[in-house]
Amino acid sequence: MVGRLEGKVAIVTGGGSGFGAGIATKFVQEGAKVLIADLSQENGAKVAQSLGAEYLAADVTKRSDWEALLKKAVDSFGGLDIVVNNAGTTYKNKPTESVTDDDFDLVFNVNVKSIYLSSNVLVPYFIENNRPGSFIQIASTAGIRPRPGLTWYNASKAAVSNASKTMAVEYAPKQIRFNAVCPVVGSTGLTHLFLGKADTEENRKGFVSTIPLGRGSTPKDVANACCYLASDEAEFITGVNLEVDGGRCV
Ligand SMILES: NC(=O)c1ccc[n+]([C@@H]2O[C@H](COP(=O)([O-])OP(=O)(O)OC[C@H]3O[C@@H](n4cnc5c(N)ncnc54)[C@H](O)[C@@H]3O)[C@@H](O)[C@H]2O)c1
């Protein structure tokens, strides 16, 4: 059976853990050639090796690392079709008046500047090669239906969704699609920071009680949504904010 992403090349940032590892796994299963980009050499290389994917150490807040990722995708796989901007971070849930300049800069650099740099470096590649492209940003329900104690994380994710919609209309004539996926809370490397306490079933109960389908999101849920948006089945879909949230944002 032909995979839904057969013949496509994808960069998945933050592919060494959590949702990103799930996305990379699904994409490989569906026939894509995947380049995992992650700050963590240990995790990124491990996931890549287990999948038969490629790995490049990269900090998504650095322009030169995006240039290296494009070169690696072209050199290793002959081109680029899909970019999943999944790498993200947060500070620990706390009263907004106690957020530091470093907390603020961290979330806006990793969550928002990365989207700016990825488009700045990669969009010219798609235009110059007259090649359709699909950008998928992992935003969050936090940008739509925010919870307290995470003001600047929430705001960074709203910026991601807005930038994605703007680029969707700007680059539609070039057949470059931009969509955002908005997961509700899951259980990943970031969850203890969202909760402000250990990531246990007990501690997640408060968040989960606000999700109509009665559970948090999983890497598989997020990966399935990304696979659809990356595939040709979604060739007429651009500018959406796809909530993967069991009804949380209704
Ligand atoms: N976990 C949740 O509940 C939840 C909910 C909604 C959205 N999200 C979003 O999902 C995305 C994935 O996070 P996750 O929950 O899987 O967390 P995670 O911590 O398990 O994975 C994040 C990955 O990103 C990498 N990373 C962090 N900063 C980086 C940088 N500067 N350059 C390159 N890689 C970097 C980390 O090394 C890690 O491998 C994030 O954008 C996050 O905001 C998470």
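A crossing of two helices is called right-handed if the near helix is turned clockwise from the far one by less than a right angle. Keep that in mind as you look at this predicted model, since helix 3 passes helix 4 in just such a right-handed crossing.

Start with that pair. Helix 3 covers residues 63-77 and helix 4 covers residues 101-128; their axes are 9 Å apart and the packing angle is about 40°. An angle under 35 degrees would count as roughly parallel, so helix 3 and helix 4 come out as oblique to each other. On the helix 3 side, the contact uses Arg-63, Trp-66, Glu-67, Leu-70 and Val-74, and their partners in helix 4 include Tyr-116, Leu-117, Val-121 and Tyr-125. Sort the residues of this contact by class and you get eight nonpolar, three polar and two charged.

Now follow helix 4 to its contact with helix 5, residues 151-171. Here the axes come within 8 Å and cross at roughly 15°, and helix 4 and helix 5 are therefore roughly parallel to each other. This crossing is right-handed too. Helix 4 brings in residues including Phe-104, Phe-108, Ile-115 and Ile-127, while helix 5 offers Trp-152, Tyr-153, Met-167 and Tyr-171, among others. The tally for this contact is 14 nonpolar, three polar and one charged.

Tyr-153 also leads us to the ligand: of the 27 residues around the ligand, it is one of those that come nearest, along with Ser-17, Asp-38, Asn-86 and Thr-188. A side-chain N or O atom of Asp-38 sits 2.6 Å from a ligand oxygen. The backbone joins in as well: Gly-186 has a backbone N or O atom 2.8 Å from an oxygen of the ligand, and a polar backbone atom of Leu-39 is 3.3 Å from a ligand nitrogen.

Notes:
Residues are numbered from 1 along each chain as its sequence is written. This is a predicted model: local features need pLDDT of at least 70, side-chain atom pairs count only at pLDDT 80 or more; totals for chains, interfaces and linings use all residues. Side-chain values use heavy atoms; hydrogens and water are left out. Axes are lines fitted to C-alpha atoms, for helices over the stretch in contact, and angles run from 0 to 180 degrees between N-to-C directions. Helices (H or I, at least four residues) and strands (E, at least two) are DSSP runs, numbered from the N terminus. Angles under 35 degrees count as roughly parallel, over 145 as roughly antiparallel, 65 to 115 as roughly perpendicular and the rest as oblique. Contact means heavy atoms within 4.5 Å. Ala, Val, Leu, Ile, Met, Phe, Trp, Tyr, Cys and Pro count as nonpolar, Asp, Glu, Lys and Arg as charged, and the others, Gly among them, as polar. A residue is near a molecule or strand if one of its heavy atoms lies within 4 Å of it. A polar contact is a pair of N or O atoms within 3.5 Å; within protein, one must be able to donate a hydrogen and the other to accept it, and residues adjacent in sequence count only if both atoms are side-chain atoms.
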